[in-house]
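Student: I have a structure open and want to learn how to read its features. Can we go through them one at a time?

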Amino acid sequence: MDPELTTLAQNASLTLVTLMATDAWEHTRDGVVALWRRAWPERAEAVAAELDSTREDLAGDPAAEDELAAEWQGRIRRLLVGRPEAVAELRSLLDALAPDAAPTPAVSQHATASGDSRIYQAGRDLHISEP
């Protein structure tokens, strides 16, 4: 799988789930359904129903945001793999939904060490055991 498509799917799913609880939801939902309608018309109505269901799930359990985003990341990734022409349209949709947001990499870490120094970096938990 192309890492760029994976990152795009991840960013799209996070944007999608985040916007479910905002005033921009209807526009977001319409854009995602339109994307599916052009790529796989036979699945568009099912995707619309799944979006509504996901929004209800999120309203009932806000702690499930990461889980729901992961589900949509998989759906979006499969769409992009199956219909590569949808990549440009998805990017346009994301730009329209968050025009002021600059694209950011999933993880970016930088460090410089000199002499006997050590650098420990982690994207999450870090456990170091040294004698």
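Student: Which residues make the nonpolar surface patch?

Tutor: Keep in mind that this is a predicted model. A nonpolar patch joins nonpolar side chains within 5 Å, each with over 30% relative accessible area. Here Tyr-120, Leu-126 and Ile-128 make a patch of about 270 Å².

Student: Where does Tyr-120 sit along the chain?

Tutor: Tyr-120 is in the segment after helix 5. Its relative accessible area is 39%, so Tyr-120 is partly exposed.

Student: What does Tyr-120 touch, beyond residues up to four places away in sequence?

Tutor: A contact needs heavy atoms within 4.5 Å. By that test Tyr-120 touches Leu-126, Ile-128 and Glu-130. Take Glu-130: from Tyr-120 it is 10 residues away in sequence and 12 Å away in space, C-alpha to C-alpha.

Student: Which other residue in that segment can I practise on?

Tutor: Try Gln-109, which also lies in the segment after helix 5. Set aside the neighbours within four places in sequence, and Gln-109 is in contact with Gln-121, Ala-122 and Gly-123. Gln-109 and Ala-122 are 13 residues apart along the chain, with 8.6 Å between their C-alpha atoms.

Student: Is Gln-109 buried or partly exposed?

Tutor: Buried means under 20% relative accessible area, and partly exposed runs from there to 50%. Gln-109 has 36% relative accessibility, so it counts as partly exposed.

Student: Now charges. Which residues form the negative surface patch?

Tutor: For charged patches, like charges are joined within 9 Å, and residues in a salt bridge are left out. The negative patch here is formed by Glu-56, Asp-57, Asp-61, Glu-67 and Glu-71. Helix 3 (44–60) and helix 4 (65–82) are the elements that give two or more residues to this patch.

Student: Where does Asp-61 lie?

Tutor: Asp-61 is in the loop between helix 3 and helix 4. Its relative accessibility is 37%, so Asp-61 counts as partly exposed.

Student: How many salt bridges are found in the whole structure?

Tutor: The test is a side-chain nitrogen of Lys or Arg within 4 Å of a carboxyl oxygen of Asp or Glu. The search finds 5 salt bridges. One of them joins the side chains of Arg-91 and Glu-4, at 2.3 Å from N to O.

Student: Which parts of the chain does that pair tie together?

Tutor: Place each partner in its element. Arg-91 lies in helix 5 (residues 86–97) and Glu-4 in helix 1 (residues 3–19), so the bridge ties together parts that are 87 residues apart in sequence. Then check the exposure of both ends. Arg-91 is partly exposed, at 33% relative accessibility. Glu-4 is partly exposed too, with a relative accessible area of 46%.

Student: Which residue does Arg-29 meet in a salt bridge?

Tutor: Arg-29 meets Asp-52, at 2.8 Å from N to O. This pair links distant parts of the chain: Arg-29 is in helix 2 (residues 25–39) and Asp-52 in helix 3, 23 residues apart.

Student: Why does Arg-29 count as buried?

Tutor: Arg-29 has a relative accessible area of 18%, so it is buried. Asp-52 reaches 30% relative accessibility and therefore counts as partly exposed.

Student: What is the partner of Glu-50?

Tutor: Glu-50 forms a salt bridge with Arg-75, and their closest N and O atoms are 3.1 Å apart. Again the pair links distant parts of the chain, with Glu-50 in helix 3 and Arg-75 in helix 4, 25 residues apart. Glu-50 is partly exposed, with a relative accessible area of 28%. Arg-75 is partly exposed as well, at 21%.

Student: One last residue, Thr-28. Is it buried or exposed?

Tutor: Thr-28 lies in helix 2. Its relative accessibility is 1%, so Thr-28 counts as buried.

Student: What does Thr-28 touch, not counting residues up to four places away in sequence?

Tutor: Thr-28 touches Leu-16, Leu-19 and Leu-97. Now compare spacing along the chain with spacing in space. Thr-28 and Leu-93 are 65 residues apart along the chain, yet 8.3 Å separates their C-alpha atoms.

Technical notes:
Residues numbered from 1 in each chain as written. Predicted model: local features only at pLDDT ≥ 70, side-chain atom pairs only at ≥ 80, totals over all residues. Heavy atoms only, no water. Areas by Shrake-Rupley, 256 points an atom, 1.4 Å probe, with all protein chains shown as cover. Lys, Arg positive; Asp, Glu negative; His and termini not counted. Charge placed at Lys NZ, Arg CZ, Asp CG, Glu CD. Helix = DSSP H or I, 4+ residues; strand = E, 2+ residues; numbered from the N terminus. Buried < 20%, exposed > 50% of the residue type's maximum accessible area, 1.4 Å probe, protein only.
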